[in-house]
Amino acid sequence: MTSSNAAYRVRGGRRRSRRRADMPLLGGIRPPIAVLCVLILGLAGLTAKVLGPGKDTVVPEAVLSSQQYFAEDGAIALRASIDERITDLQRTATALSAGSPVKPERILSDLGRTYQKWTGTTVVDLESGDVLAARGETIPLSWLDKDVLLGKQALTPRMVRLETGDVRLMTMAVLDWPGRPQQLLLASSSLSVPPINLGPFRTMSVVAENGEILGTAGFEQAEALNSDQERQELTFLHKQMTRLADQAAVRTEEHPVRAKEPGSRGYPGVSGTLLGGEYNGRIATAGYASLASSNPENKPSQAAGLGLTVVALLPVVEQKTSDQGRELYGLAAAGVLVLLGLLAVTVLWATVQRPLLRLFLESRRLARGDLTRPVTVPRWGEAARIGTALERLRRQLAGDGGGSDGAPRRRILVGGRGPLVVTAALLLLWCVPVGLLLNRTDDSVSVPATMVNDQRDRTDLIADRLRRALNEAQADLVSTASLIGEENPEDTNRLLDEALLKHPRYRALYVVDAAGGISAKAGTDPHDWSGGKDLPPVRVSGQGGKEPIVQAGAPVPGRKGGTLVGEIRVEFLDSLLARPGLGDVRVVDSAGQTVAAGNGFLAFEELPEGPLTDLVRAANLSVGAGPVENGLLIREGNKVTVAAAAPFSGGGVTADLGWTVVSRQDASRFQIAPYEREDRSVLAGMLGLAAIIFCLGWVYLVVVRPLRALAGSAEKLVDGDLKTVLYPRYQDEVGAVVRSLELLRQQAQAHRHNQARRSAETRPGVGGR
């Protein structure tokens with residue numbers, strides 16, 4: 001009894017170990033089908049969510065992003081303006097100290113004539129503390145002490161409050177002549193945003209580190225309104241600006257890298273958006289941005305070290321949600337995907353998995369010696385070819401005449417790739433309509449009016465920044481020209497080289513005489529400059545060349561007809577135009593030819609005829625005090641475009657230049673509900689396509705292709721090729737069938753040897769009789 005049980009346990013253990021050896025490990029047909037099921041269910045759940053109703057927002061995300069960009073533009077303009085004031089004052093003091101002593105009254109007179117940016121200037125004798133000269137508003141001196149004049153933070157800009165309560169930025173530079181007491185040159189300037197047209201109720205403020213509002217622009221326009229209701233809204237906005245300024249000051253104290261809302265799209269400072277209260281159906285939205293250096297690699301500028309923040313406030317009409325009923329919409333799309341997915345998985349199960357598992361069981365049965373029952377042959381594909389080969393091999397081993405006549409070979413019309421094509425077609429029936437047809441937008445999309453206004457106002461802000469940069473360039477030339485003497489040309493060349501290093505906006509500086517000859521130069525090769533009273537100090541040439549030549553000139557005192565010319569790098573102008581959220585921004589001259597662009601351009605390329613050309617012409621029409629900026633919503637075909645044009649206006653040498661900044665942006669880039677739904681539909685279709693490629697490619701590489709190779713080997717085996725050894729490459733169903741066929745090959749080879757030996761033994765006996 002004990003011995004029989006032991007024998008049974010041994011036989012059972014061998015049977016179980018043999019079964020484990022024959023069973024496939026992780027791999028084969030079942031894992032990709034299971035993954036496909038999981039992906040389809042996951043994509044269905046994602047579809048029900050993303051194609052259903054969007055998140056409940058009272059203000060479109062595009063409007064909030066636009067306020068953030070607006071604040072960033074204001075912060076960049078303010079930082080550049082403050083840095084220019086500091087640099088100009090220090091450069092003037094350095095140049096004056098290098099020459100002969102100049103009377104304080106003349107210093108302030110020349111300074112005011114060259115630069116119109118300071119509200120007051122003063123020269124103080126540092127030894128006695130006496131005021132030697134003063135112009136403009138009175139600058140208090142009670143804040144001057146040793147900490148201001150000595151130490152590591154000496155002569156750094158300070159914010160000082162006047163007796164009137166206004167805050168001024170104080171800039172300092174030392175005048176030092178040999179043999180004379182040092183003098184302190186002081187200049188005060190207001191902390192205000194660029195004077196651009198902000199529109200009704202749009203305001204921008206400069207905020208200190210403690211949340212105090214130092215300067216505001218925009219409220220003075222709203223104060224001209226006569227309606228009591230509008231006055232109440234103005235009071236509400238004043239309160240909102242105070243509250244949001246405090247919040248912005250707290251948020252900008254963080255480091256840009258660690259900030260919760262770091263400036264997107266490469267802005268080096270801290271920026272973000274804020275939502276305020278609601279009044280009369282309008283919600284206060286604000287964007288904020290701290291002053292930062294021009295790029296993350298540069299050290300913080302002196303303006304960035306002042307801890308200032310720009311806040312842009314705009315009341316926006318509350319958005320009424322229009323996504324009611326979209327829950328069923330998303331559920332319906334998800335349900336269709338589940339149905340088509342189940343049908344596709346059923347096709348794979350019935351045409352690939354089930355026949356393969358049947359081949360696995362039949363081949364294992366034959367390999368174990370069970371040759372009595374015929375092989376159940378699948379109906380199509382490589383599985384049918386292998387099943388036919390197994391049946392013929394069974395008949396050969398059983399001695400039932402397993403040649404080609406015994407079990408004729410089937411003609412297979414549909415291969416193993418057919419089910420994959422059918423499965424892909426079923427899933428594409430969902431992916432293609434969802435990705436290419438569902439939630440498609442056309443020119444009837446409703447774009448918030450705020451986006452058009454923001455495009456117009458931001459374009460005006462860019463135009464003002466570019467105009468100021470050109471005015472600053474010409475003012476720098478005037479300041480440098482005043483230092484050029486008549487004596488040594490080597491000194492002039494050295495002065496131009498130093499000026500070129502300090503001002504990266506120029507690519508060349510050179511002095512031209514009355515006849516057009518070059519007496520001194522620095523930088524690249526100079527271009528022709530024609531003198532004349534009627535010619536503007538800033539001009540453009542180079543038609544027909546690779547890039548425009550932008551030149552600015554300033555007369556050289558003491559040289560009749562002498563002019564200091566600076567060629568401004570086009571890349572410098574392009575860098576002023578490249579701002580996120582504005583699309584394609586370019587500068588055109590009075591003839592409509594492109595002079596600079598933020599995203600690359602062809603020199604003197606003309607604007608396409610149509611709305612943009614008309615927009616530029618309309619912007620340059622004299623209305624009231626002069627040309628004004630214009631915004632336009634263009635609907636062409638299935639596209640919606642927001643465009644704006646802002647001509648150069650204001651003072652300075654560029655007032656009559658005739659340039660216009662034109663911006664154009666595809667509305668599909670806006671984060672508004674119709675375009676977001678379209679993007680989500682495309683995303684769902686792409687995810688479905690990725691799932692098809694991944695899973696069906698997996699099935700093809702792991703199952704279909706090895707199965708085709710196995711079918712050819714099996715047919716060669718039954719046709720008499722018993723020498724080729726079959727090696728299983730993978731531990732899966734196909735590998736298990738290969739192992740069984742190898743065992744059958746060995747059995748067939750042994751069967752053939754036995755037959756040959758018996759026939760050889762029988763043949764001598766017959767001959768002896």
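Reader: On a 1 Å grid over the protein atoms alone, a cavity is a set of points where a 1.4 Å probe fits but cannot get out. What volume does the second largest cavity have?

Author: The model is predicted, and its structure holds 4 cavities of 30 Å³ or more. Of these cavities, the largest contains about 100 Å³ of space. The volume of the second largest cavity is about 50 Å³.

Reader: Which helices each supply at least two residues of the lining of the second largest cavity?

Author: The lining consists of Leu36, Ile40, Leu43, Leu337, Leu427, Cys431, Gly688, Ala691 and Ile692. By class, 8 of these residues are nonpolar, 1 is polar and none is charged. The helices that each supply at least two of them are H2 (30-50), H10 (417-437) and H15.

Reader: How many charged residues does the lining of the largest cavity have?

Author: Thr351, Val352, Trp380, Gly381, Glu382, Ala383, Gly415, Gly416, Pro419, Val703, Val704 and Leu707 line the largest cavity. At least two residues of this lining come from each of helix H8 (326-367), helix H9 (381-398) and helix H15 (673-718). The lining has 7 nonpolar and 4 polar residues, and the number of charged residues is 1.

Reader: Residues 328-352 and 419-438 are among those annotated as "transmembrane region". How far apart are the end C-alpha atoms over residues 419-438?

Author: The annotation comes from an unreviewed UniProt entry and also covers residues 682-703. Over residues 328-352 the chain is 100% helix and 0% strand, with the end C-alpha atoms 35 Å apart. Over residues 419-438 the chain is 95% helix and 0% strand, and the distance between the end C-alpha atoms is 28 Å.

Reader: Which element gives the most to the lining of the second largest pocket?

Author: The second largest pocket holds about 1,200 Å³ of space. It is lined by 40 residues, of which Ala95, Ser479, Ser482, Leu483 and Ile484 are the closest to its centre. Two or more lining residues come from each of H3, H4, helix H11 (449-481) and helix H12 (489-502). With 7 residues, the element that gives the most is H12.

Reader: How many charged residues are found in the lining of the second largest pocket?

Author: The lining comprises 40 residues. Among them, 16 are nonpolar and 13 are polar, and the number that are charged is 11.

Reader: Why is one side of strand E2 and one side of E3 left without a neighbour in the sheet?

Author: The order of the 5 strands in this open sheet is E2-E1-E5-E4-E3, and the pairing is antiparallel. Strand E2 (131-136) and E3 stand at the edges of the sheet, so one side of each lacks a neighbour, because each has a single partner strand.

Reader: Which residue is the bridge partner of Arg161 in E4?

Author: Strand E3 (residues 158-161) runs antiparallel to strand E4 (residues 167-175), and 4 bridges join them. The two strands form a hairpin with 5 residues between them, and in the turn Gly165 has a positive phi of about 100 degrees. The partner of Arg161 in E4 is Val167.

Reader: Which residue in E5 is the bridge partner of Arg168?

Author: E4 is also joined to strand E5 (residues 183-190), by 8 bridges, and the two run antiparallel. In E5, the bridge partner of Arg168 is Ser190.

Reader: At about what angle to E4 does helix H3 run?

Author: Helix H4 (residues 104-114) packs on the sheet and touches strand E1 (120-125), E2, E4 and E5. The direction of H4 makes about 25 degrees with that of E2. Helix H3 (residues 61-98) lies across E4 and E5, and its angle to E4 is about 25 degrees.

Reader: Which strands stand at the edges of the sheet with the order E7-E6-E10-E9-E8?

Author: This is an open sheet of 5 strands with antiparallel pairing. The strands that pair on one side only are the edge strands, E7 (213-217) and E8 (271-279).

Reader: Which residue in E9 stands opposite Thr273?

Author: E8 and strand E9 (residues 282-290) run antiparallel and are joined by 7 bridges. Opposite Thr273 in E9 stands Gly287.

Reader: At about what angle to E8 does helix H7 run?

Author: H3 packs on this sheet, touching strand E6 (203-207), E8, E9 and strand E10 (309-317), and its direction makes about 40 degrees with that of E9. Helix H7 (residues 228-251) lies across E6, E7, E8, E9 and E10, and its angle to E8 is about 145 degrees.

Key. Residues numbered from 1 in each chain as written. Predicted model: local features only at pLDDT ≥ 70, side-chain atom pairs only at ≥ 80, totals over all residues. Heavy atoms only, no water. Pairing = 2+ DSSP bridges. UniProt positions renumbered as here; feature names shortened; annotations may be inferred. Contact = heavy atoms within 4.5 Å. Axes fitted to C-alpha atoms, helices over the stretch in contact; angles between N-to-C directions. 1 Å grid on protein atoms, 1.4 Å probe; cavity = no way out; pocket = protein on both sides within 12 Å on 5 of 7 lines; lining within 4 Å. Points joined across faces, edges and corners; volume = space filled by probe spheres on them. Nonpolar A, V, L, I, M, F, W, Y, C, P; charged D, E, K, R; others polar.
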